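User: I am new to this structure and would like to learn how to read its features one at a time. Where should we begin?

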Amino acid sequence: MNQTNKNNRRHFLKMTAAGLAGATLLPQTVEAKSKKNNKVIYRTLGRTGVKLPIVSMGAMKDAAMVKAGLTKGVKHFDTAHVYQKGKNEEMLGEALKGQDLSQLFTVTKVVPDDMDRQTGLVGDGCTAENFLKMFDISLERLQVKSVDLLYVHAVSSRQAVLHPEVIKAVKKAKEQGKCKWLGVSTHKNEPEVIRAAIEAGIYDVVLTAYNFKQDHVEELNKAIEEGAAQGIGFVAMKIMAGGFLDKDKTKPVNTRAAFKWAMQNEHVCTCIPSFTTIDQLEESWSLMEKMKLTKDEQKDLEMARDYAGLYCNACNQCDGQCQNDLPIPELMRSYMYTYGYREMGKAKTLLADLGLGNDPCSDCNECTVTCVKNFAVGEKVQSISRLMDVPDDFIV
Amino acid sequence: MQINRLLVLLFFISGSVLAQNYPDKFTAIEGWTIEGEKQFYSQDNLYDYINGASDFYLGYAFQDLWVVDYKNQAGQLLTLELYRHSSALQAFGIYTEERPQTTEVLPIGAQGFLESGAIFFLANDYYVKVYNGRPEVPEVAILAFANKVADSICSGCGLPDLFNRFPAQGRVNLSERYMPENFMGLSGFNGVCTVNYELADETFRLFVYKENDETCRMIMEKYFKRLDYKKKLKEKTYTFDDPYLGKVSLSYKKGMISGILDAKNPEAFISLLEKM
């Protein structure tokens, strides 16, 4: 036990010294490497000045993939305090043991206490003390004394970003030298979070969900531009939009196209796809040679966007909202058959099975169904129900 | 006609409700009654409950989650979280991801542990968490509650048999893992059991994969292709210098692949593979 502690302490000191040196070394050294290898595209992470390959790695489950990433030239591996109840940080700490951390960009993420996952609001139970305690545990798991960047994890509201206890905690972590830079990560209400990060004035990086399929991508692009103008660096996650267009995973996203789309935004420094195979890593790495979207890739993305707009993932959150108790997810599915796949016969059979009339909404003045994907449910139900008036002979 | 349509509609509606009914076996936990609304999460919205951690659960074929509060006569509250996965091995996978490396394991279900006043345990295809509420439930009572939940899932629940194949010599306690997909970064190498070893100043992993022979051959050949190794596959032990993973020893027998990863000198431990 003592031996382990000694080893850990020695390792801590070694890593901290390397980490401090890295504050100045990383940009120059990495750039020198990029000159040697023109296949790798590096971008600067906002005001941090750190240059990273546009391909980084996120949420690796196995040290083997970290090893593979290091061999390939990946400099940044994402992790978080909560992933695998800390095992992810432990795994990464072990996998990076013995590496020259001054050549890597180390991060972790800590979720503020008492944050409501639905509303994104941080409650009174949040304290800077608890946040810092969790961060200290993360550092221990990673076997380092400091990381380059500390994120406030999974925030989705302005209130959370600007919460006094959260601000107090991250400022203190920086003052104590436990991190060089601060950031927020967000999967929801990203534009609001980015603008709050600008407003806070202390955050250097935003890790944001960013992909071709997001309904609010225009607004998100605007927010990213505003943030970049203020020196905030951006890291993109969820760029593959889940990897599949459908729930049954029969329609894969064109991942090459999705990657190129996300990284076309020059304000996005790097991205953190969760590679699970060496082939995936190799493929994304090789894309840096030719980043321009081909016509076919553009077409794939357009089709995927259209498909996403039609696709109801049957989350059933609208259950019970319809005044006429209509089975909304099934009706949305028949809408997708008709307008997405052009399979009107299949759609009509489904509608007939459901016993749908040709005007099921006639006795409603206003649709009471609220869809989490913002589908205009009432309009779609009325549109699809007209199919019941079309004679079978006219349906191919 | 209208009635028929309504019946069909009702059938569909009731069908979707039935699919999300709370399992009966958890409704009658002696001494406890369900308090408040039950929450249900599927693959589609697990993220809403556990955020980014949901990716890990989905990686182990997560099926659904019930989050239910229970109250006893003293007015004390517990929260039960029932994560159901597609198989006992998948549930074992997520359970061991969260089990600390050094903990005292408890005989609850197949196995459990206590952490920060909460109980975590494995029982067949369920990974179960029991959290203390306010006012707090004493540890004895929370353990009794957890045991009742475990008993309602399985009697005599056990850990997956495949781990019995691993030799005892040098085996690191509580290091068993189940890798659901793409082991060694190799697409299709899904469902591999691994255990850590410490022997002769080396730390390394042994792994075993049991599948039909066709799949085993396909995995081996895919790996050969990655290494650009052109020889025909035979039943034997190979040692490669993998450009990404370092030295790797792999043993192929009909319907089984086993191997050694992360060792500087895997050849020194080949005898362990022979015991599997």
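Analyst: We begin with burial. Buried means under 20% relative accessible area, exposed means over 50%, and partly exposed is in between. Keep in mind that this is a predicted model.

User: How many helices and strands does chain B have, and what percentage of its residues is buried?

Analyst: Chain B has seven helices and twelve strands. Of its 276 residues, 51% are buried. The chain exposes about 13000 Å², and carbon and sulfur atoms supply 49% of that area. Contacts can be sorted by separation in sequence: among those in chain B between residues at least 6 apart, 57% join residues at least 24 apart.

User: How do I read burial along a single helix? Which residues of helix H10 in chain A are buried?

Analyst: List the buried positions, then look for what covers them. Helix H10 of chain A spans residues 278–287, and its buried residues are A:Ile278, A:Leu281, A:Ser284, A:Trp285 and A:Leu287. The cover over the buried residues of H10 includes strand E2 (51–53), helix H2 (63–72) and helix H9 (255–263) of chain A, together with H6 of chain B.

User: What is a salt bridge here, and how many are there over all chains?

Analyst: A salt bridge is a side-chain nitrogen of Lys or Arg within 4 Å of a carboxyl oxygen of Asp or Glu. The count over all chains is 27. One of them pairs A:Glu282 with A:Lys72, at 3.0 Å from N to O. A:Glu282 belongs to helix H10 and A:Lys72 to helix H2, both of chain A, so this pair ties together parts that are 210 residues apart in sequence. A:Glu282 is partly exposed because its relative accessibility is 30%, and A:Lys72 is also partly exposed, at 24%.

User: Which residue pairs with A:Glu283, and how far apart in sequence are the parts they tie together?

Analyst: The side chain of A:Glu283 meets that of A:Arg256 in a salt bridge of 3.2 Å, N to O. A:Glu283 is in helix H10 of chain A and A:Arg256 in helix H9 of chain A, so the parts tied together are 27 residues apart. Both count as partly exposed: A:Glu283 has 29% relative accessibility, and A:Arg256 has 33%.

User: Are B:Glu98 and B:Lys129 buried or exposed?

Analyst: Apply the cut-off from the start. B:Glu98 and B:Lys129 are both buried. Their side chains form a salt bridge of 3.0 Å, N to O. B:Glu98 lies in helix H4 (residues 88–98) and B:Lys129 in strand E6 (residues 126–132), both of chain B, so the pair ties together parts 31 residues apart in sequence. Elsewhere, salt bridges that share partners join A:Asp62, A:Lys67, B:Arg205 and B:Asp262 into one network.

User: What about charges on the surface: which residues form a positive patch?

Analyst: A patch is made of residues with over 30% relative accessible area and no salt bridge. B:Lys231, B:Lys232, B:Lys234 and B:Lys236 form a positive surface patch. B:Lys234 is in the loop between helix H6 (213–227) and strand E10 (237–242) of chain B. B:Lys234 counts as exposed because its relative accessible area is 54%.

User: Where does A:Thr294 lie?

Analyst: A:Thr294 is in the loop between H10 and helix H11 (295–310) of chain A. At 37% relative accessibility, A:Thr294 is partly exposed. Separation in sequence and in space can be read side by side: A:Thr294 and A:Lys260 are 34 residues apart in sequence and 9.7 Å apart in space, C-alpha to C-alpha.

Key: Residues are numbered from 1 along each chain as its sequence is written. Chains are lettered from A and ligands numbered from 1 in the order in which they are written. This is a predicted model: local features need pLDDT of at least 70, side-chain atom pairs count only at pLDDT 80 or more; totals for chains, interfaces and linings use all residues. Side-chain values use heavy atoms; hydrogens and water are left out. Patches are made of residues with over 30% relative accessible area and no salt bridge: like charges are joined within 9 Å, nonpolar side chains (Val, Leu, Ile, Met, Phe, Trp, Tyr) within 5 Å. Accessible areas come from the Shrake-Rupley method with a 1.4 Å probe; for residues, only the protein chains shown count as cover. Lys and Arg count as positive and Asp and Glu as negative; His and the chain ends are not counted. The place of a charge is taken as NZ of Lys, CZ of Arg, CG of Asp or CD of Glu. Helices (H or I, at least four residues) and strands (E, at least two) are DSSP runs, numbered from the N terminus. Buried means under 20% relative accessible area, exposed over 50%, partly exposed in between (1.4 Å probe, protein chains only). Contact means heavy atoms within 4.5 Å.
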